Amino acid sequence: MRKIRSEFNKKVTSVFWITLAITIFASFWGSFAPKSMEKITGNIQSYISVHFGWYYLLIVSLFVVFCLYMIFSPYGKIKLGKPDDKPDYSYSTWFAMLFSAGMGIGLVFYGAAAPISQYIKTPPLAEPGSAEALRDAMRITFFHYGVHAWGIYAVVALVLAYFKFRHDKPGLISATLEPIFGDKMKGPWGKVVDVIAVFATIVGVATTLGFGAAQINGGFTYLLGLEKQFWIQLVIILIVTVLFMISAYTGLSKGIRYLSNVNMGLAVLLFVAMMIIGPTLYIMNTFTDTLGAYVQSIAQESLRLAPENDDRQQWVMNWTVFFWAWWIAWSPFVGIFIARVSRGRSIREFLSGVLIVPSVVSFLWFSAFGMTAINTQKGGADIASLPDEQMLFGVFDQFPFSVVLSIITMLLIATFFITSADSATFVLGMQTTNGSLNPPKTVKFAWGIAQSAIAAVLLYTGGLQALQNALISAAFPFSFIMLLMVYSLYRALRKDKAELEKTGDHQENYEEKIS
């Protein structure tokens, strides 16, 4: 025991203790004064959404443009690592890992709920239930889960992987800002940056764990008649916490890799089942049509704020700004994890894979489950009246083998739940042990308990609305750090180019040299 404690104290940094103290404080605050926490987080969320909605739209669009520039520029041939480094994982395992960590529960939770909500409940532009509302519902869903979402993840992952594997920097957010601030990032200011990143990760992951617990509870409601209650969700969180700690104990190359492949297997099984029993031709026609509409409207939708219409502007705040905040809050966690499993790939290969493949998979997923839900709604079943976490089970109820499909769905949510939490404990451990690629298990266990506690507290204080409030609040400060990371990478790349030119290399040889 003394040896374990000694190793723990040697590994952890002040970032661990500071962020853990903040997390414990938030947990106690939410437990003993839930109304106060809900009110304050709600006020913060409202202020940020109203006064900085434009800011979220601009910076996320900037991240996408930056990613596209990096793909097509000469910098795209740079390898995220040393010249002789090879990728650690095959394409299939790589995609499974980044997809499980990056979207996971969100796809299952909103697979039917997002399109139905945009079609019936809160259409952005058209009359609820109209043909135009249906087209908008799918186009907007593609927009929220497409290249903008993955562009946010890709920026953080790219910057971290470049500095970590090419320049041997610690795998810390603060280390990526050294080209701008120099050694200041090794002192108190660097600690501030890392604390913000770690706390944003905790809140982002806790939010998703809350969604997962709520949806598993929704499945039990449909299958067993159990009411939606906090204590049931708490038991779900406790059980999954034990399971992901077991996975965390086995390490990255065993636990997370195995679970990621299980996730993809279950997701493919559920997707194929829906394509068979659902309106297959309708799904594929809508997918094709919506993909064209998405590409055509992406620039306008990226910056749409509707300042002349209060209702439409509020819709942007409630949906687009919320989603951008969600992805930003998740980006330290997902970005660090994707960076960790992407060594040896070129910038062009990396960004193309991260932006395109998961986006297309998401589009297919929402087409299958969203259009089946809408078609079921149009056929007379009142899916729209169900809570978001029960909509998918309500759709299954209209088809044969509904119990089997519901059980597979809950298993998928559970494995996504475990994978996300497991990946997060690794990332949090890495960020609080000076960028160690193999953080101590005791550190990972501490963060596993902390993020589960925050998820339980947020559900207790106000359910899903409290989760959303906390998410937008936590994402805001980290967004400024992301802007600095982009600028820092650009400066580092230009410096690399200048050093090559000083040695007498000509521009035509530059691409060969940097690759």
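Asp168 is exposed, with a relative accessible area of 56%, and this residue makes a useful starting point for a walk through the structure, which is a predicted model. Asp168 sits in the loop that joins helix H8 (147–166) to helix H9 (178–181). Its backbone deserves a careful look, since the phi angle of Asp168 is near 55°, a positive value in a residue other than glycine. Most residues other than glycine have a negative phi.

The side chain of Asp168 also has a partner, for Asp168 forms a salt bridge with Lys82, in which the closest N and O atoms are 3.1 Å apart. Because Asp168 belongs to the loop between H8 and H9 while Lys82 belongs to the loop between helix H3 (34–72) and helix H4 (91–102), the pair ties together parts that are 86 residues apart in sequence. The two partners fall into separate classes of accessibility: Lys82 is partly exposed, with a relative accessible area of 29%, whereas Asp168, at 56%, is exposed.

Other charged side chains can be followed in a similar way. Side chains of opposite charge can pair when their charged atoms come close, and the structure holds 8 salt bridges. One of these pairings is between Lys169 and Glu178, whose side chains meet at 2.9 Å, taken from N to O. Here Lys169 is partly exposed, with a relative accessible area of 26%, but Glu178 is buried, its relative accessible area being 14%, a value that lies under the 20% cut-off for a buried residue.

A further salt bridge brings together the side chains of Arg345 and Glu349, at 3.1 Å from N to O. In this pair the arginine is the buried partner, because Arg345 has a relative accessibility of 2%, while Glu349, at 23%, counts as partly exposed. Elsewhere, Asp136, Arg139, Glu301 and Arg304 are linked in a network of salt bridges.

Between Glu301 and Arg304 in the numbering comes Ser302, which is found in helix H13 (residues 280–302). Is Ser302 buried or exposed? Its relative accessibility is 6%, so Ser302 counts as buried. When residues up to four places away in sequence are not counted, Ser302 touches Leu57, Ser61, Phe143 and His148.

Helix H2 (residues 14–32) lets the reader test an expectation about helix length against the model. At 1.5 Å a residue, the 19 residues of H2 should span 27 Å, and the C-alpha atoms at its ends are 27 Å apart, which agrees. Which residues of H2 are buried? They are Val15, Phe16, Thr19, Leu20, Thr23, Ala26, Ser27 and Gly30. Seen down the axis of H2, these buried residues fall within an arc of 125°, so they line one face of the helix. The face turned away from that buried side carries the exposed residues Phe25 and Phe32.

The last stop is another phenylalanine, Phe401, which has its place in the loop between helix H16 (391–396) and helix H17 (402–431). Phe401 is exposed, with a relative accessible area of 65%, a value over the 50% cut-off for an exposed residue. The phi angle of Phe401 is near 60°, again a positive value in a residue other than glycine, and this recalls Asp168, whose phi is near 55°.

How values were computed. Residues numbered from 1 in each chain as written. Predicted model: local features only at pLDDT ≥ 70, side-chain atom pairs only at ≥ 80, totals over all residues. Heavy atoms only, no water. Helix = DSSP H or I, 4+ residues; strand = E, 2+ residues; numbered from the N terminus. Buried < 20%, exposed > 50% of the residue type's maximum accessible area, 1.4 Å probe, protein only. Contact = heavy atoms within 4.5 Å. Expected span 1.5 Å × (residues − 1). Arc of directions from axis to C-beta. Salt bridge = Lys/Arg side-chain N within 4 Å of Asp/Glu carboxyl O.
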